[in-house]
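Welcome, and please get your viewer ready. We will take a short walk, one selection at a time.

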Amino acid sequence: MASSAVNDESKTRITARSSLIDSIKGCGIKGVIIDKEELKQKILIPKYLRVAMCEAIQSKNSNIGAQKYDPDDDGENKVPEAPMVVFVNSKSGGRKGSALKQRLQELISQEQVFDLSVVKPPEFVRYGLACLESLASHGDHCAKETRDKLRIIVAGGDGTVGWVLGSLTELFRQNREPVPPTGIIPLGTGNDLSRSFNWGGSFPFAWKSAVKRTLNEAITARISRLDSWNVMVTMPAGDSVELPHCMSYTEDYTHDQDMEGLPEKTSCFEGVFYNYFSVGMDAQVAYGFHHLRNEKPYLAQGPIANKLIYSSYSCTQGWFCTPCVSTPNLRGLKNILRLYIKKMNCSEWEQVQIPISVRSIVCLNLHNYGSGRNPWGKLKPKYLEKRGFVEAHADDGLLEIFGLKEGWHASFVMVELISAKHIAQAAAIRMEVRGGDWKKGYMQMDGEPWKQPMQEEYSTLVDIVRAPYQSRMITRE
């Protein structure tokens, strides 16, 4: 127990130090003075367009602009270099979210900064963007050029960014391209999406100047692609699940006819992730942490505090000192889970053996996991060739599947002293979970955990396939 406490204390110090370094790096003082008025000229949408968008959202009528506004009434109808819209999660970033919103409104305009507690991303897509498209269809060239050149910035954590990206995918489905690219101001705890596209891992100390610089760099930054992954969970009907925000119930999903283990009546829920999906002990720790934070919100006053609490909480769940073979709820996943994959350009399912010591399985899309760690590691060419792997990228159509053993192993992985247990690379994944002595398991998707009921008689299936559309991300140099 003493050694466990020492290990936890070390891990906590490393986590806190990482956040401090990220914040200092985020300041990024480079000696370049950005003129506020020059910046505004490059991103400010003509007034009649931004007012029309806001009224379209408020009235839930995308044609309101075409009915009420005439570009000739506004002398400032020049399209800027990079018209920009910002979404702010005012509840993120400790107490900084609200102040950040005010700062952004000063730098751009009140109509181009949306508080996510007031305007939801689907509403912006359905009415705001549609308003520009409606005006463009009536011959408004200014509206058309603004729509084509629009860029979006999201100030929030990974969950907030995923919410916006998911809403924008509707544009692909409805053939309403181009889809605006998305940049990030990190306000969450992990901020792995932000790190992956070089926007930093923490809200900077000198945030007022940093925000101005972020907007300026987003004007000309290059566009990258990001895979997204659809998750479908099918379970016996009658089981009740308290779903996280990232999941929703849907109609029954059609599985392969040779798939055994499912009852006649099932229920399904689905969602999309951009970073990772996991099942096992790490999801259980995340679930407990989320409930602790909701019950005692005064404990979580920012990213550093969250990480300290998370690290300490993980050691109360038996991950460090309890052997994997003791009680049913602490055994390895091999006892309850079968893993199947499809490799790239292959239509056949292949079963993959799970190491007996593995207590968490993570399916990873990005290089960053758990606040900027790289558990897959930077693998040498010889090892890649030996295992049949390829170099991992966020747009390669593959997920990296790795395992975490007991807490000691996870700790060494998270401080990057060793790599995780490499299991496979896959273009599609199926997990078949059956309880036995287990009555429940834990799963999470991009940091959103839930408790999953399990039965001994019937299976629960988790299917993961790549979404047909890639997100467009603004990437900082």
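The tour below moves through two sheets of this predicted model, with a few stops at single residues.

**Stop 1: the seven-stranded sheet**

Begin by colouring an open sheet of seven strands, which follow the order β7-β8-β6-β18-β15-β10-β11 with antiparallel pairing. At its edges you will find β7 (247-250) and β11 (350-352), each of which pairs on one side only. On average, neighbouring strands here are turned by 25° against each other, direction ignored. As background, the strands of a sheet pair through backbone hydrogen bonds, and the pairing can be parallel or antiparallel.

**Stop 2: strand β15**

Now select residues 428-433, which make up β15. Is this strand enclosed or open to the outside? Six of its six residues are buried, so β15 is largely enclosed by the rest of the structure.

Turn on the side chains next. In a regular strand, they alternate between the two faces of the sheet. In β15, Ala428, Arg430 and Glu432 point one way, while Ile429, Met431 and Val433 point the other way. Both sets are buried.

**Stop 3: the neighbours of β15**

Add residues 337-342, strand β10: six bridges join β10 to β15, and the two run antiparallel. Look for Ile341, whose bridge partner in β15 is Ile429. You can also pick out Leu339, which stands opposite Met431.

Then add residues 460-466, strand β18, which is joined to β15 by six bridges and is also antiparallel to β15. Here the bridge partner of Met431 is Val462.

**Stop 4: Ile341**

Stay with Ile341 in β10. Is Ile341 buried or exposed? Its relative accessible area is 1%, so Ile341 counts as buried. To see its surroundings, show the residues in contact with Ile341, which include Trp349, Val352, Ile401, Ala424 and Ala428. Try a distance label too: the C-alpha atoms of Ile341 and Ile464 are separated by 9.4 Å, although the two residues are 123 apart along the chain.

**Stop 5: the six-stranded sheet**

Next, colour another open sheet, this one of six strands in the order β14-β13-β12-β9-β16-β17, again with antiparallel pairing. The edges belong to β14 (421-426) and β17 (448-453); each has a single partner strand, so one side of each is left without a neighbour in the sheet. Neighbouring strands of this sheet are turned by 20° against each other on average, direction ignored.

Zoom in on strand β9 (residues 276-280), which pairs with β16 in the antiparallel sense over three bridges. Val279 has Met443 as its bridge partner in β16.

**Stop 6: Tyr442**

Select Tyr442, which is found in β16, residues 440-445. With a relative accessibility of 13%, Tyr442 counts as buried. Which residue could you label beside Tyr442, despite being 158 residues apart along the chain? Choose Gln284: the C-alpha atoms of the pair are separated by 5.3 Å. Among the residues that Tyr442 touches are Val279, Gln284, Tyr287 and Trp450.

**Stop 7: Asp446**

Finish in the loop between β16 and β17, where Asp446 lies. Asp446 is buried yet has no salt bridge. Where is the nearest side chain of opposite charge? That is Arg195, 13 Å away. Instead, look at Tyr274: its backbone nitrogen lies 2.8 Å from a polar atom of the Asp446 side chain. Asp446 also touches Phe273, Asn275 and Tyr276.

Methods: Residues are numbered from 1 along each chain as its sequence is written. This is a predicted model: local features need pLDDT of at least 70, side-chain atom pairs count only at pLDDT 80 or more; totals for chains, interfaces and linings use all residues. Side-chain values use heavy atoms; hydrogens and water are left out. Buried means under 20% relative accessible area, exposed over 50%, partly exposed in between (1.4 Å probe, protein chains only). Helices (H or I, at least four residues) and strands (E, at least two) are DSSP runs, numbered from the N terminus. Two strands pair if DSSP finds at least two bridges between them. Contact means heavy atoms within 4.5 Å. Axes are lines fitted to C-alpha atoms, for helices over the stretch in contact, and angles run from 0 to 180 degrees between N-to-C directions. Lys and Arg count as positive and Asp and Glu as negative; His and the chain ends are not counted. A salt bridge is a side-chain nitrogen of Lys or Arg within 4 Å of a carboxyl oxygen of Asp or Glu. A polar contact is a pair of N or O atoms within 3.5 Å; within protein, one must be able to donate a hydrogen and the other to accept it, and residues adjacent in sequence count only if both atoms are side-chain atoms. Lists of a residue's contacts leave out its neighbours within four places in sequence.
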